[in-house]
Every structure is written in structure tokens, then in C-alpha cells.
Amino acid sequence: MRLTTLLQEIERSPGPVTGIELASRLGITNSEIESMLHALRAAGRLGADVAERPKMDSCSSSGSCSMTCPGPDECSLTVNLQVSGLQIRSPASPG
Amino acid sequence: MRPVVAVAGCPNAGKTSLFNQLSGARQKVGNWPGQTVEQYSGEFTHGATTFDVVDLPGTYGLVAVSAEEAIAATYLAVEKPDVVVTVVDSSNLTGSLHLVAQIAEAGHRQVVALNMIDVAERRGIDIDESVLAETLDVEVIRTVARKGVGTEEIKAAIARSLGKPARPLTIDYGPVVERHVGGLIEDIIADPDVAGRGIPRWTALQLLAGDRALRGYLQSIPGGHAILEAAAADRDGIAAETTFECEMELAEHRFEWITRLVSEMTGTITATTTWSDRVDRVLTHRLFGIPIFLVVMWVVLRVTADVTAPYLDWVDTTISGPVSRWAVDLLGLVGLAGGWVESLVVDGVLAGVGGVLVFVPVLFALYLMLALLEDTGYMSRAAAVMDRAMRAVGIPGKAFLPMMVGFGCTVPAIYATRTLDSSRDRLLTGLITPFMSCGARLPVYVLLATIFFADAKSMVVFGMYVLGIAVAVLIGFLMSRTALREEDPAPFVMVMPEFRMPNARTVWILVWQRTSSFIKGAGTTILAASIVVWLLLALPLGGGGSFADTEVEDSAFGIVSKGAAPVLQPLGFGEWEQSGSLLSGFVAKEVVVSTMAQLYLTDAESDTGADPTFGEDLAEVGSSFVAAGRDTLLTIPSVIGLDFIDLADDTDTTLQAAVRSSFDSSSGGRGSLAALGFMVFVLLYTPCMAAVAAFRQEFGTKWMWVSVIGQFVIAWSGAFLVFQGGRLLGLG
């Protein structure tokens, strides 16, 4: 299985897709998909979907959370889904 | 000059654990030059030599795309550490060896730590590290960095490798790429500035791979532009000759090389399907995924609403009985009994804060169940399943991530919309996220469901959660067809953790943090709100009376609440106590319950029996706690339908009786319908002031008002449908 095939399969996906879905579509195992995702990350073609995190210092001075809220990343009430996202990236041409 | 050791590795490979083992307590924290990313450095001594050691940011490879990758790549290229220790996840060799290969190609002196070797052994992966050692001409050490296994061997290997010349790895990238690399190497060698950056073959490969950090460097030096132009021409040439993008052609060859190497190291060629994969296929199944998610939710809420009932009663009895008596006795000792101070403490603070603290066992159970689901990895599957369903109706792909966060608290959920790609997706998700039932609404559901639906309490609470999702999906669907039309969704891979047994310590930390956060909220926001409500109740505006000695209906709170009550009359809860509770609920949803406790308990008759002594109270608190524990254990089997205990108590507490009577009276005898409508209203109207502020910060004032007014209209309509629809059908 070529990495390019996996990349094309991801590009064809309408929105988010899981490793299990990709494995089922391409007829390979989930661990093979994970290895290939690592390879695509190492090649710079997939990157972590890290969104800019908000600053909480401008948070409201009223309300139940504002007095103790340390921010969404540290907020103890935040449900941690343990999902990380990978988005396709196009490395810029050296030219 | 001390030798410098850099510790590199993929995220989660145990890099930081090994760095900590090497450097011990002697660590310095700073920032990488020009970056906000923290830099950790330290030192260790082996034999007579002291080494400086630097912890590089986690990276999958040396093609700089993210800030972390750029830092690692630039540090290795510019600082040229004497030795690089590359930490590898032994249970995922194919994924981890890209970095090892690239560091070897870059010509660095390297020691490889086969970390988490215990995990690999448990999974039956038998690794022959001599294959890797011979192929790369490096030392390969088995480690379990978390436990310090292999640390001394790593130090010895570092010391030995100092005396050895580095032998760069050469991977064959095929005739087309190799021809272009050869040409580019000649250009690089011809320019001393570029040639000094690293070994020419690696520089050429990095240029062909589109490395941003290297491009930035070349743009800053005189001869760099010519080399960049040559590299661009080579990239185009490779793409034309191979019909693949240049960087993909490089990645394919490297991946093939690594796959072959791993099969030689482990003796296996085919990848196996793990039990986690098999479970995943069921839990994320297109047809079964959603029913399984609903069953899991039902179990969570059954445990939350039913199993905790004995402890809920215990806290309620303790606060309304002994604690209130002790407070009054204490005030009597300092000469403050019988006045407005006693009223503030008993009717304001204890009724308000105590009314919310009663629900600590409920929240504890909810947080425990959520923590178990998180730590096993189920929550990520639930997100994937619901995400697929929501995409089908036009709601953006990643919307369910913030929506799941909303089960805990709406404020971080609104901020979590930043993970979405377009402003349209962010706004749409921000508008529907508040309909997810946050933890603060749970006390309202449990209070009313206990009073009006004692036999189907957990089903009613479950229904509220499902209704929240349904309304969010419906509103999202309508908006994506009208004001916020759908755009092409962005492709995106969701990477989920493997299923695992929950770790007791992790679960306990999560539960404790969340429960203590709720208790802190009761001690701050709820306390403040309770005092404000008490002040407004004590302030006479209509009729006679003086401060703290007025009819509640004639108080400032009563007058304002009466003004709002007619709006709610068609919904079956148009009495001023009910409208007042909902008004105060704008501050936070727990305040609905604390206000109810203050309003309904103010005029309640006190027990005329003889007060027990302090010792009798203490003994009663202790024995009732033990009894609550026993009853809870006996209630657990009821989750699967085995009833060993009947906790149904036909006797309402004072608060319950007052609430029941109020809803019966406001609805013309249809108290259950009105209570159901009230819960729907609480579910759908503005979650809290903090959520409104977060929404304004993210989406602006105009959309904030759209959100607040929209939620009110939807809440009113929902409650109207429940009450008036139920009446028409002859229910309640």
C-alpha cells in the first residue's frame, strides 16, 4: 500500500475520518494505517490540528466558571476526548 | 567544553521520562530562542565526564512543518550536538523509526533507546535490536524510561559513542530522485555557506522535501536563492518523471525502507488486528454505534440519578438538620440568634449553598462515569460515532468535539469551537453547543424528577440529555440550510487512543478535580448568588415590613419575579417563585436550585420537636452515613434491573412538598407536566453568564444577542409544547 493512496483516501473523505474507517476502506489493518499516518507526519504531509487556544484572562468577571476557570486546557470540567486530529498540509516549495 | 547530548523522539514515546532520568533534579527551564515553546536542559555525569543534556520538542520527523518540528530540526542543524539520543516507542517501531532514519541520514552521532520495551514484550513483539544497530552503526539500548530501566546503559553508550566517527545513513530513493539529489549536491558543495549547514546529501533531501526552516535560512544568505531555484526545478522534475509529488516520492521510499527494516527486526511481515481494533469495529459501527452510545449514556445517568439517591438524602438530612441547628446554636452563643444575621445564615447561606451541596453525590457519580469513559478511550469513539451522524444532516464534521465537551461545561465547549476550520463552522457549532446538557443543569433535573417522576427518574434525566442533542442537531440542520449554508468539509483524520483498562489513579484525580471544582463553585458563585437573593428577599419594596422582616412576595426579589411571571404562565410555571428561580439561573444553573431552596424554605414550618444534643446529632450523622453506603451498594444492581432494595419514599421533604404544591397550583393540577416543561426550559435557555461572555468573546455582540434571544425563544417554545401539548393529550 502506497502512502499516496492513503493520502488520496483522506483527501476524498467528507470531513473527519477515523483510522478504522480508513483501514476498512483500504483493506488493511488499523496498525498499518497508524504506521502510514506516522510516515505522512514525518514527511510533513499531515500535521497536528492544533487550533490557537484562547486566552482566558479576558473571561467574564461574572458567572459560575469565571472565578475559578483556569482556561479550557486546564479546566477540570472539560471532558477530555483524547482525540487528536491530523490535517493535510502542503509543504511549501523551496523556490 | 562539555559534550552536549540532545534527546529527541516522537510525542508519547517516553522522551521526557528518559530526559528526567538522565538529568535527575538538575534541570533548567527556559524558552527556545524566539519561541514560546519551553526548553528543558540539565546535566549528568558519567565516569569523569559531565554532559549537558537538552530535551528537544517531540517530533515525528525532521521536515519542519510545526513550530516544534522547526525547533528540533534547526537545533540539530545549527547547534550540532555531540550525541543525539533518539527515543523510540518499541510497541510502534514502524511509526518511530522515521525520526531515527532521518537523524542518521543527517549524519548525527546517535544512540537509540528502545523505550517501552515492556509494553512491546507484553504485546508479543520480539525485537532483534542488533539488526538496527548494524544497519545504522549505532548502539541500541532497551529501556523502560518510566521506571529508570536502561538509564545507566544509555549514559555508557553516550560516552562510548563520543569517540566514534558518525556514519551517515544512505537510503536509496530510486534512480529518478538520486539523479536530482546528485545534481543538487553539486550546487550545495559549490556554496560554502550552504555546505556548512550539514552534510550535503541531507541538505539536498531536506530541500526536496520542502523543509520550511531550511528555506528560511537559505533566503537569508547571499547564495541561497540560486540553490532554492535549483531545488524547485528538481522538485518539479521529480514530480513530472514519477507522477508523484516530490516529498511523497521521498516518503514512499523511506517508508518502504523502514517497513523492510522492521520486518527484519521483528521477523513479522503482516500486521495483526488487535482486540482494540475488533472492539472499535463494533463501537464505531455505522448501524450499532449510535444505539450503543445511547445505552452507555443511559447507564451513566441511571447510576448518576438512582444509585446516588441514598447519599443525596444523607447530605440533605445532614445540612437541613444538624448543620442548621449547629449554626443557630453557634449564633446563639455569640448573641446573634433570632435577628437578620440568623436569617442570612439559615435562609440565605445554608438554604442556598446547602441546597446545591446536596447534589455533590450526584455530580460525583457523573464525573466518575465520565472519567471511566474517558480513561478507557470510549469518549473518543462516541465523538466519532456522533460526528458521523451529525455530518449526515449538514452539521460540520468536528462539531461534536466541542459538543461532547459541553456535557461537562459550556464555557470551555464554546472556546473549543476554535478547533473548527471555518468561521461558519465555528459559529454554527457555538450556537448549538449550549443545548448540550452541562453538569450544572443536573441538580435541577434530579430535584424535579425525584418529586414528580420518582419511578422513572433516570429515564427523565436521560430524556433531557437526549433532547439536548436532538435540539442541537435540529437547530444545526435548520441553520445549515438557511443562514449558515454548508461549505465543503475539510478532510481530517481523527486519531483515537487504544482501548485500555481504566487507571484508578487517573480516574480518581479527574473525579476529585471536578467534584472539588463544583464544591468551590458552591462556595463562591452560589454563595454570592444566595446572599444577593437573600438581600433582595429581605428588601421591602411593596407593602409594609422592614429589612429582613417582610413578606417575600413584597420583597424586591418578589416584585421583579412577579413582573416576569406572566411570560411563563402559558408554560404552566407562572408563579413568581418559579420565574424568580429561572431569573437567578442566568447566573448559573445550580442557582436555580439554591434559589428554590431559599424561596420555598423561607416560610416552611420548623420542626417543633425537642432538639437533639450535639452528641446525638453526631451519632446520627455517622450512622446515617453508614446506612447510605449500604443502601448505595444494594442499589447498584438496579442498573441492570435487579432490585434488592426499595428506596421509594412517599414522604416528600419540606422543599419537595413546597415545590410539588407550587407546580400543582401554577399548572391547574398538572404539576408533572409543568415540571417537565420547567426542565425543558432549564435545558434550553442560556446556560450561564460565563457562557454568554465566552460567546461574545468568540463571536461578537450581535451573535451573542442572537444566541441569548434564540435560546430563550426555543426554551419557551419547547416548554409550551410540552405543557400545552400534554394538556391537549390529557397527560399530567
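What span should the 19 residues of helix H11 (residues 224–242) of chain B cover, and how far apart are its end C-alpha atoms? In this predicted model, a rise of 1.5 Å a residue leads to an expected span of 27 Å for H11(B), and the end C-alpha atoms are 27 Å apart, so the two values agree.

The surroundings of H11(B) may be described next. Its buried residues are Ile227(B), Ala230(B), Ala231(B), Asp234(B), Arg235(B) and Ile238(B). Viewed down the helix axis, these buried residues fall within an arc of 145 degrees, and they therefore line one face of H11(B). On the other side of the helix, His225(B) and Ala240(B) are exposed. The buried residues of H11(B) pack against five helices of chain B, namely H7 (174–190), H8 (192–195), H9 (200–209), H10 (212–219) and H12 (246–266). After H11(B) comes Thr243(B), which has a positive phi, near 60 degrees.

A second region of chain B is built around strand S5 (residues 83–89). Seven of the seven residues of this strand are buried, so S5(B) is largely enclosed by the rest of the structure. In a regular strand, side chains alternate between the two faces of the sheet. In S5(B), both faces are covered: one side carries Val83(B), Val85(B), Val87(B) and Asp89(B), the other carries Val84(B), Thr86(B) and Val88(B), and all of these residues are buried.

Strand S5(B) pairs with two other strands. Strand S1 (residues 4–9) of chain B runs parallel to S5(B) and is joined to it by five bridges; within this pairing, Ala6(B) has Val84(B) as its bridge partner. Strand S6 (residues 110–115) of chain B also runs parallel to S5(B), with six bridges between them, and here Asp89(B) is partnered by Asn115(B). Helix H3 (residues 93–105) of chain B belongs to a right-handed β-α-β unit together with S5(B) and S6(B).

Further pairings involve S1(B) and strand S4 (residues 49–55) of chain B, which pair in the parallel sense over four bridges. The bridge partner of Val4(B) in S4(B) is Asp52(B). By contrast, S4(B) pairs in the antiparallel sense with strand S3 (residues 38–46) of chain B, over seven bridges, and His46(B) has Thr49(B) as its bridge partner in S4(B). The hairpin of S3(B) and S4(B) has two residues between the strands, and Gly47(B) in this hairpin takes a positive phi near 65 degrees.

The nonpolar interior was examined as well. In soluble globular proteins, nonpolar side chains tend to be buried together. The largest nonpolar core of the model holds 236 residues, of which Val7(B) and Met679(B) touch the most other members. With residues up to four places away in sequence left out, Val7(B) touches Lys15(B), Leu18(B), Phe19(B), Val53(B), Val54(B), Asp55(B), Leu56(B), Val85(B) and Val87(B). Two of these contacts, Val85(B) and Val87(B), are among the buried residues on one side of S5(B).

Chain A was considered as a whole. Three helices and three strands are found in this chain, and from the N terminus on its elements follow the order α-β-α-α-β-β. Of its 95 residues, 52% count as buried. Among contacts in chain A between residues at least 6 apart in sequence, 52% join residues at least 24 apart.

Technical notes:
Residues are numbered from 1 along each chain as its sequence is written. Chains are lettered from A and ligands numbered from 1 in the order in which they are written. This is a predicted model: local features need pLDDT of at least 70, side-chain atom pairs count only at pLDDT 80 or more; totals for chains, interfaces and linings use all residues. A residue is buried if 20 or more other C-beta atoms lie within 10 Å of its own, exposed if 12 or fewer, and partly exposed in between; C-beta atoms are placed from the backbone. Two strands pair if DSSP finds at least two bridges between them. A crossover is right-handed if, with the strands pointing away from the viewer, the path from the first strand over the helix to the second runs clockwise. A nonpolar core is a set of buried Ala, Val, Leu, Ile, Met, Phe, Trp, Tyr and Cys residues joined through C-beta atoms within 7 Å. Two residues are in contact if their C-beta atoms, placed from the backbone, lie within 7 Å. The expected span of a helix is 1.5 Å times one less than its number of residues. The arc is that of the directions from the helix axis to the C-beta atoms.
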